[in-house]
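Trainee: Could you go through this one with me and show how each label gets its name?
Mentor: Sure, ask away and we'll set the values against the cut-offs.

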Amino acid sequence: MDDSYDAINMKQDAEEAAISVVLGLGGTIRIGASALTVSDLTVMFDAITRTGSVQGFADALGLSYRAAWARLQAYETALGRPLVRKTRGHGTALTEFGAALADAFTAASAALEASLGRETRAVEHRLRHLMSGGAGALTLAVSHDPLLVEVLTEVMSGESGAETGVELSVTGSSAAVQRLLEGGADAAGFHCGALAPEAAGAPFSAINAGAGLVLHPLFEREQGLLLAPGNPRGIRTLADLAAPGLRYVNRQKGSGTRDWFDRMLAQAGLPAAAIQGYTVEEFTHQAVAAVIACGAADAGLGVRAAADRLGLDFLSVGWETYYLAASRSLASPALDALVAAARRRASRTPGYRAAADL
């Protein structure tokens, strides 16, 4: 037999086969000397609730009716409580105790659903790599940044040495993090202005080691007011944005830049209603800069890089860290390439600084 030929066939089969991973609530319940498997109990509760019969439980586990009934009796003996009751004309139903225990498992499963979703994606990613040498596309949800967009273009074209593609969704920082927490993305790019994630409130404060997530600080960037060339309105402070006739262009709700602007307004005691154009929204730094460059607005908050590209004046309000968060168990050459490339480019780009790992 030609081992190399078989290895090639196996690799081709692995590449062609659809890979799917299902993770669920597991573990055991120990009562004295008895150990009950949570997954089996969950299957039993679900089957009896759905079918109204012990036969439904037997079918779900591929057991005979007698074997299923014996297992059910063993559960009840271990727990010291009846789990089901037979009702004439209505089949089998869970007892009050059985229903309460089933609800406890359901609640635990729901609480773990987002974490299981993230870990499912991570396992599938690693399994594809182990079986075929490739890991499939990496799904990223990110807040907009000009430098990051350039780096992602390199990663997606393979110039950074990544072994996989990237599926990109550009959204606000809050939405990006929420997608990661809900298991809808492999990684999230976000920023919190001058605040650290743990101090920025939900959903950012949920990103921590206890949740099985890791933070990669990609770079630091300078944010400030983008102003018309030559600053003809003479804007020097945030309070100047409330001057009569001055037109502001805002970022969309949920973006990290919008959140930072709102915090600055609150600290300065300026109501949003005092800013003409506060409700005019754009979805990227580049779009804000373009609105100002064409004369449709006088000011807007954004990164220095956007001002430099369109020849706008820039009034700095401070530096912030842009983060990339992902599951700690995710092993991805593309993610590693992205982090390394973003840090390299930030170290040589005006308005950016490289950021070291936490």
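Trainee: Are Phe-190 and Phe-204 buried or exposed?
Mentor: Both are buried in this predicted model, and buried here means under 20% relative accessible area.

Trainee: What makes Phe-190 and Phe-204 a stacked pair?
Mentor: Two values do the job. Ring centres have to lie within 6.5 Å, and these two are 5.5 Å apart. Planes under 30 degrees apart count as stacked; theirs are at 25°, so the pair is stacked. It also links distant parts of the chain, with Phe-190 in strand E7 and Phe-204 in the loop between E7 and strand E8, 14 residues apart.

Trainee: And why is the pair of Phe-190 and Tyr-323 called stacked?
Mentor: Run the same kind of check. The distance is 5.4 Å centre to centre, with 25° between the planes, and the cut-offs are 6.5 Å and 30 degrees, so stacked is the label. Phe-190 lies in strand E7 and Tyr-323 in strand E12, so this pair ties together parts that are 133 residues apart in sequence. Tyr-323 is buried, as is Phe-190.

Trainee: Which residues form one aromatic cluster?
Mentor: Phe-190, Phe-204 and Tyr-323. The structure holds seven aromatic pairs.

Trainee: How do you know that Arg-353 lies over the face of Trp-319?
Mentor: For Arg, the CZ atom must be within 6 Å of the ring centre and within 35 degrees of the ring normal. Arg-353 is at 3.8 Å from the ring centre of Trp-319. Likewise, the charged end of Arg-81 sits over the ring of Phe-97, 5.7 Å from its centre.

Trainee: What makes Leu-152 buried?
Mentor: Its relative accessible area is 1%, and the cut-off is 20%, so Leu-152 counts as buried. You'll find Leu-152 in helix H6, touching Leu-140, Val-166, Leu-168 and Leu-338, if you skip residues up to four places away in sequence. Its C-alpha is 8.9 Å from that of Ala-341, which is 189 residues apart from Leu-152 along the chain.

Trainee: Last one: why are H3 and H4 called roughly perpendicular?
Mentor: They pack at an angle of about 105°, with axes 8 Å apart. The roughly perpendicular range is 65 to 115 degrees, so H3 and H4 fit that label.

Trainee: Which residues meet there?
Mentor: From H3, Val-54, Gln-55, Phe-57, Ala-58 and Leu-61; from H4, Tyr-65, Ala-68, Trp-69, Arg-71, Leu-72 and Tyr-75. That contact divides into nine nonpolar residues, one polar and one charged.

Technical notes:
Residues numbered from 1 in each chain as written. Predicted model: local features only at pLDDT ≥ 70, side-chain atom pairs only at ≥ 80, totals over all residues. Heavy atoms only, no water. Axes fitted to C-alpha atoms, helices over the stretch in contact; angles between N-to-C directions. Helix = DSSP H or I, 4+ residues; strand = E, 2+ residues; numbered from the N terminus. Parallel < 35°, antiparallel > 145°, perpendicular 65-115°, else oblique. Contact = heavy atoms within 4.5 Å. Nonpolar A, V, L, I, M, F, W, Y, C, P; charged D, E, K, R; others polar. Buried < 20%, exposed > 50% of the residue type's maximum accessible area, 1.4 Å probe, protein only. Phe/Tyr/Trp six-rings, centres within 6.5 Å; stacked < 30°, edge-to-face > 60°.
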